[in-house]
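Let's walk through this model together, starting with one helix and then moving to the interior and the surface. Keep the structure open as you read.

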Amino acid sequence: FGSSSFFLSAQDAHSVPSSTMPAMQQRSNRKQRAALLSAGATASLAVVGLPTVRNFVSPAVHSGASSRVVEQQQVQTPTPVADASFSTSSSSLVAGAACMAVAAAAARGNSRRERSSITSRATAVTTAVDTECVNAIRFLAVDAVNKSNSGHPGAPMGQAPIGYVLFAEEMNFNPADPEWINRDRFVLSSGHGCMLQYSVLHLTGYSSVSMDDIKQFRQWGSKTPGHPENFETAGIEVTTGPLGMGISNAVGLAAAEAHLSAVYNKPGMNLIDHYTYCIMGDGCMQEGISHESCSYAGHLGLGKLIAFYDDNGITIDGHTDLSFTEDVGKRYEAYGWQVLTVADGNTDVDAIRKAIKDAKACKNKPTLIKVKTIIGYGSPNKADSHDAHGAPLGKDEAQLTRNQLGWKYGEFEVPQSVYDVFRAHAAEGAKKQVAWNALWSEYQQKQPELAKQFQRIAVDKKLPEGWVDALPKCTPDDKGKATRLWSQDCLNALAPVMPELVGGSADLAPSNMTLMKCTGDFLKESYEGRNFRFGIREFGMGAVCNAISLHKT
């Protein structure tokens, strides 16, 4: 029974085997009443036939009582009670039951308080770890921008909780093999805040970003340029900087995953199964290219695309209400996205975790997570202002920020405990790659033809044998025709021998002859198709196609 108290009426006893009630005489359905009390309780128990109930005190609330779980005592009515007395004493029975319920509730409450205390302590520890890891990202950004005397500290300081959850808990990647095919992809569309990305790459163990590289931020020849460049730094998927380009690239990466999943995945063998994450800001939201590509993503229902909108309300000119007042959430809902909100992105890490979980639960729509943050979070004099956007905090303000956030470490100093958290997650990613390698081996045995194709395209990255011979032959003596017709001939000659060839045009397929006749359309219900119907979205089309290429599969 633990520390609970129970009251058994004859009606209850009627359905209980006699072996469980050795001390109860079963002379009548209503004559005998008994109660089980926790030892140590002070009580006057109302039993049918006894007139009053008084002075019940639970062990949990009695001033001198022990809260230990103790052995149960059995209290039995001294004499049978006549049936006639039942009607006159039923109120006593109810009162007694009420007292027992109070005792049970108090005891349960004590148990809950103990459990709650343990949970609170665990939560406090978790929160402390979260805070330390988030602040490590913030201050690597602050220190690097200060040292270079150039850069954008405000965005990384606000986005740090998002970066922490993604790179220390959520994403699948392996720093020892940045090109692992089935890794999750991450795009920092607000590329000016690239110290966020360099910080998490360093903390998770990418050899491309050492502490010395961080100290060389924005310096000539460094691996940490002022905007992330995929050809310069391992771990960077796409080059970003021009606002809106990154989220558009993210759409292309997600489209590539959707196509490959449809082509290669078989029951019980999901060879391609990963997410594309993106962080974008107010500038990305305003640029026209993001409107084009995000409209396209919603049309396609790319459920493995999750974008975080860093809604900090600041641009270089000042607060965004100077020029930008539309309801972004409603716009994205109109595009066909799921829209979620994190009200406090500065400290509520659990809310970010929950939003990602909810995003993954939505399989047929991309998700926009509006995260309300403060640019330059923690800076006493520059937070929530354009002063934190594109200039160093300065030495004095950096120290004030350390004081404000309780960061006791010096410049470029990161405690080992932070590295341990990030590296532990990276190690889990390495294990997932090992598991994927085993799946790939099984796939090669069970799907030899598709495996051969995947090996050539995604692993070896080679063009097929004889692709040149597939091209149409012509001589100067052949009758001339429009170049778009020659293009059509070439595309349709290559398409059957190059299954990796995908693409389309901006609502001009019948005019510029880009349709490949051997395959269908890439649409929400047919991701295996290779003809992309971009609609009249030329700018978005270019960014999407660039990213499909940069998916490298």
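**From a helix to the core and the surface**

Helix 8 covers residues 288-300, and at 1.5 Å a residue its 13 residues should span 18 Å (1.5 Å times one less than the number of residues); the end C-alpha atoms lie 19 Å apart, which agrees. Helices here are DSSP runs of H or I with at least four residues, numbered from the N terminus. This is a predicted model, in which local features need pLDDT of at least 70, side-chain atom pairs count only at pLDDT 80 or more, and totals for chains, interfaces and linings use all residues. Residues are numbered from 1 along each chain as its sequence is written, and side-chain values use heavy atoms, leaving out hydrogens and water.

Several helix 8 residues are buried (under 20% relative accessible area, 1.4 Å probe, protein chains only), among them Ile289, Cys294, Tyr296 and Leu300. Just after helix 8, Gly301 takes a positive phi of about 65°.

Now look inside. The largest nonpolar core (buried Ala, Val, Leu, Ile, Met, Phe, Trp, Tyr and Cys joined through side-chain atoms within 4.5 Å) has 60 residues; Tyr164, Phe308 and Ile369 are among those with the most contacts inside it. Helix 2 (residues 84-148) gives this core its largest share, 10 residues. A second, separate core of 36 residues includes Leu300, Ala307, Phe324 and Leu368.

Ile369 touches residues including Ala307, Phe308, Leu340 and Val342 (heavy atoms within 4.5 Å), not counting residues up to four places away in sequence.

Finally, find Leu463 in the loop between helix 13 (448-460) and helix 14 (483-494). Leu463 is partly exposed (between 20% and 50%), with a relative accessible area of 45%.

Notes:
Helix = DSSP H or I, 4+ residues; strand = E, 2+ residues; numbered from the N terminus.
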